[in-house]
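Here is a short report on one protein chain and its ligand. Take a look at the structure first, then read on.

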Amino acid sequence: MHIAMKQLNRKIMVARRHGANNVAMALAGKVLQFPLSVIFRGDKWHLRGFHTTNYKKVAVELAGAVPGRLDVVAEVGCGLGDILNRVPARRRLGFDIDRAAIRWARFLQRFAGGECEFDVGSFDALIRSEVKDIDLVIMMGWFHYMPDDWIRDQMRALLSSKRVRYVMVDEFPEQEGRISQIFDVFGVRVERRHDWQDDKNLLLYRSDA
Ligand SMILES: C[S@@+](CC[C@H](N)C(=O)[O-])C[C@H]1O[C@@H](n2cnc3c(N)ncnc32)[C@H](O)[C@@H]1O
């Protein structure tokens with residue numbers, strides 16, 4: 001009972017902080033998206049939409065901190081493209097290993113008239129793409145679950161095949177220092193922002209320094 005009350009209070013606090021408009025948008029989004037999750041057999045995680053998920057908002061803001069014009073932005077592990085869709089760039093490429101998520105993202109794109117290009121795959125697919133210069137590569141909500149060596153290998157392969165100006169990645173406080181230790185080798189950290197909701201840090205690295 002005590003735990004249930006605590007969870008309810010937390011939900012109320014989070015809803016208050018996002019504001020009534022965002023909560024209404026999130027609820028409407030869930031109602032519309034639920035049938036699509038069934039049709040596309042997508043992971044229910046993706047019902048956690050933009051309007052009441054703070055780290056996604058922070059990621060979009062942090063993309064705005066990249067100096068200069070964003071010509072090409074890529075997100076690996078893009079899900080439905082909640083973040084990518086909101087980052088202003090001439091070209092936006094989204095990759096995800098989950099075929100269902102990509103089909104779902106493409107459907108939403110047609111429906112909402114967005115302009116992101118979604119493809120099934122991971123770093124291998126981004127590396128195979130014809131783009132040579134990328135202003136920002138985003139990895140949000142999954143990279144920190146992967147083993148250190150795997151992360152290092154992917155970053156090495158990416159940075160040796162493309163000219164990447166900035167990378168954005170997140171980490172949980174209990175892992176603090178782990179992602180930084182890996183990324184400090186590949187670039188210079190220029191920003192770190194805290195997400196109050198999931199209590200994680202979003203890091204922006206300059207990778208062509
Ligand atoms: C928690 S979701 C986050 C989605 C999106 N980045 C966002 O924040 O809205 C993590 C996504 O990463 C994808 N993913 C997991 N491992 C991956 C990998 N090795 N390569 C590419 N995508 C991956 C999952 O399929 C899932 O869609």
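This is a predicted model. Start at the end of the chain's last stretch discussed here. A209 touches G187 and V188, leaving aside residues up to four places away in sequence. A209 sits in the segment after β7, which covers 200-206. Is A209 buried or exposed? A209 is exposed, because 10 other C-beta atoms lie within 10 Å, and a residue with 12 or fewer counts as exposed. I3 is 206 residues away from A209 along the chain, and their C-alpha atoms are separated by 48 Å.

Now turn to a pair of strands. Strand β2 spans residues 91-96, and strand β3 spans residues 117-120. The two pair in the parallel sense over four bridges. The chain goes from β2 through helix α4 (residues 99-112) to β3, and this β-α-β crossover is right-handed. Within the pairing, L93 stands opposite E117 in β3.

Helix α4 also holds L108. L108 counts as buried because it has 21 C-beta neighbours inside 10 Å, and the cut-off for buried is 20 or more. M155 lies 47 residues from L108 in sequence, and the two are 30 Å apart in space, C-alpha to C-alpha.

What about the nonpolar core? In soluble globular proteins, nonpolar side chains tend to be buried together. The largest nonpolar core here has 50 residues. Those with the most contacts inside it are A59, L136, V137 and M168. L136 touches A63, V66, L70, V73, R165, Y166 and M168, again not counting residues up to four places away in sequence.

Next, the ligand. How many residues surround it? There are 17, and the closest are G77, G79, D98, S122 and G141. By class, this shell has nine nonpolar, four polar and four charged residues.

Finally, two residues have a positive phi although they are not glycines: R41 and D199. The table sets them out.

| Residue | Phi | Place | C-beta neighbours within 10 Å |
|---|---|---|---|
| R41 | about 50 degrees | loop between α2 (20-39) and α3 (54-63) | 10 C-beta atoms |
| D199 | about 55 degrees | loop between β6 (188-195) and β7 | 12 C-beta atoms |

Why does R41 count as exposed? R41 has 10 C-beta neighbours inside 10 Å, so it falls under the rule of 12 or fewer. D199 is exposed too, because its count is 12 other C-beta atoms within 10 Å.

Key
Residues numbered from 1 in each chain as written. Predicted model: local features only at pLDDT ≥ 70, side-chain atom pairs only at ≥ 80, totals over all residues. Near = placed C-beta within 6 Å. Nonpolar A, V, L, I, M, F, W, Y, C, P; charged D, E, K, R; others polar. Contact = placed C-beta atoms within 7 Å. Pairing = 2+ DSSP bridges. Right-handed = clockwise from strand over helix to strand, strands pointing away. Core = buried A, V, L, I, M, F, W, Y, C linked by C-beta atoms within 7 Å.
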